[in-house]
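Dear colleague,

I am handing over the structure we spoke about, and below it you will find my notes on what came out of it. Please read them with the coordinates open beside you.

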Amino acid sequence: MVHIVGAGCGAADLITVRGAGLLARADQVIYAGSLVNPELLNYTRSGTPCHDSARLTLEEVLALIEAGERRGWTTVRLHTGDPSLYGAIREQMDAMRERGIPFDVTPGVSSLCGAAAALPAEYTLPGVSQSLIITRMAGRTPVPEGEALCRLAAHGASMALFLSAGMLRQVAEELLAGGAYRPDTPAAIVYKASWPEEAVYRCTVSTLEETARAEGITQTALILVGDFLGDDYRRSALYHPDFSHGFRTKKE
Ligand code: SAH
């Protein structure tokens, strides 16, 4: 049996209780060492084999899983943040299905949430934006044409960019080409959210690149853009005294 587990975005105590329990019972762990905090391996029993997948191909990861299956082992495949976002788990799940290897998935705290907590900020502010666009700049992995950053930028919604901290000149150009963000639209670079070295750099769309350069940030950062980082918004209807809902009647 294989458990794909979200490790959370950094701090070892941000893994779920379920994920920590699975690590404690694992016979082997395959973890994405480039971004998973190695402290998480302390949740395993002593002597548990732990393989860093940063150096492995998909085929080599599958070979470790299959070797574990032959021994009747429980394998934890530990991915950074939440496995459903840029986790490359689909190909592993399909390969396991083909081989008849049972697996399940335990979610994790994505850096999307870790970065919002670090700021702290709310992505969906009334009167500002009720949508969050999660995307990336095209790199070695291409982005479908219809999702080109300049097209997504036409909405002016709250936006979180993964895997793009090293390409901020193009990011800013495309964001402005969309027509909805201004050069002074607030932006933030959140580096290593929830790690001890976490850092938050507030800037604007036009100063993204110079801010990253000045701070030496090229990776492990989330780029956040939108007026949700600004000061203006409407208070929520949910907690407004003039508003009734299923759990509360309007105050007279
Ligand atoms: N599944 C992960 C994302 C993996 S892709 C998740 O849910 O967070 C790797 C990218 O995630 C990095 O390039 C960076 O953009 C972002 N990232 C991962 N951990 C981060 C952290 N602690 N702080 C800020 N960004 C992070």
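Which residues does Val-5 touch, not counting residues up to four places away in sequence? Before I answer, please keep in mind that this is a predicted model. The residues that Val-5 touches, with that restriction, are Ile-15, Gly-19, Leu-22, Val-76, Arg-77, Leu-78, His-79, Pro-83 and Thr-106. Val-5 itself belongs to strand β1, and its relative accessible area of 0% makes it a buried residue. As for Glu-91, it stands 86 residues from Val-5 in sequence, while the C-alpha atoms of the two are 15 Å apart in space.

The surroundings of β1 can also be described from the side of the helices. In helix α1, which covers residues 17-25, the buried positions are Gly-19, Ala-20, Gly-21, Leu-22 and Leu-23, and the buried residues of this helix pack against β1, β2 (28-31), β4 and β5. Two of these positions, Gly-19 and Leu-22, appear among the contacts of Val-5.

Helix α3 (residues 90-98) has Gln-92, Met-93, Ala-95 and Met-96 as its buried residues. These cover an arc of only 165° around the axis, and therefore they lie on the same side of α3. What do they pack against? The partners of the buried residues of α3 are β1 (2-6), α2 (58-70), β4 (75-79) and β5 (103-106). On the face of α3 that is turned away from its buried side, the exposed residues are Arg-90, Arg-97 and Glu-98.

The packing of α3 with α2 can be given in numbers, since two packed helices are described by the angle between their axes and the distance between the axes. For α2 and α3 the angle is about 45° and the axes are 11 Å apart, which means that α2 is oblique to α3. The crossing in which α2 passes α3 is right-handed. On the α2 side the contact involves Leu-58, Val-61, Leu-62 and Ile-65, and these meet Glu-91, Gln-92, Ala-95 and Met-96 in α3. By character, the residues of this contact of α2 with α3 comprise six nonpolar, one polar and one charged.

A second helix pair is formed by α6 (residues 168-177) and α7 (residues 208-215), which pack at an angle of about 160° with their axes 8 Å apart. Because of that angle, α6 is roughly antiparallel to α7. The crossing of α6 and α7 is right-handed, and the contact is made by Leu-168, Arg-169, Val-171 and Leu-175 of α6 together with Leu-208, Glu-209 and Ala-212 of α7. The residues of this contact of α6 with α7 divide into five nonpolar, no polar and two charged.

Helix α4 (residues 111-118) contains Leu-112, a residue that is buried at a relative accessible area of 10%. When residues up to four places away in sequence are left out, Leu-112 touches Tyr-123, Leu-132, Ile-134, Ala-160, Phe-162 and Leu-222. Leu-112 and Met-159 are separated by 47 residues in sequence, and from C-alpha to C-alpha by 10 Å in space.

Some points of the backbone deserve a look as well, given that most residues other than glycine have a negative phi, and most peptide bonds are trans. Where is the cis peptide bond that I would ask you to inspect? A cis peptide bond joins Leu-119 and Pro-120, with omega at about -20°, and Pro-120 has its place in the loop between α4 and β6 (132-136).

Tyr-86, which is not a glycine, has a positive phi of about 50°; this residue lies in the loop between β4 and α3, and with a relative accessibility of 39% Tyr-86 counts as partly exposed. Ser-194, likewise a residue other than glycine, has a positive phi near 75°, and Ser-194 is found in the loop between β8 (186-191) and β9 (199-204). There is also a glycine to list here, namely Gly-100, which follows α3 and whose phi is positive, near 70°.

With best regards

Definitions and conventions:
Residues are numbered from 1 along each chain as its sequence is written. This is a predicted model: local features need pLDDT of at least 70, side-chain atom pairs count only at pLDDT 80 or more; totals for chains, interfaces and linings use all residues. Side-chain values use heavy atoms; hydrogens and water are left out. Axes are lines fitted to C-alpha atoms, for helices over the stretch in contact, and angles run from 0 to 180 degrees between N-to-C directions. Helices (H or I, at least four residues) and strands (E, at least two) are DSSP runs, numbered from the N terminus. Angles under 35 degrees count as roughly parallel, over 145 as roughly antiparallel, 65 to 115 as roughly perpendicular and the rest as oblique. A crossing is left-handed if the near helix is turned anticlockwise from the far one by less than a right angle, and right-handed if clockwise. Contact means heavy atoms within 4.5 Å. Ala, Val, Leu, Ile, Met, Phe, Trp, Tyr, Cys and Pro count as nonpolar, Asp, Glu, Lys and Arg as charged, and the others, Gly among them, as polar. Buried means under 20% relative accessible area, exposed over 50%, partly exposed in between (1.4 Å probe, protein chains only). The arc is that of the directions from the helix axis to the C-beta atoms.
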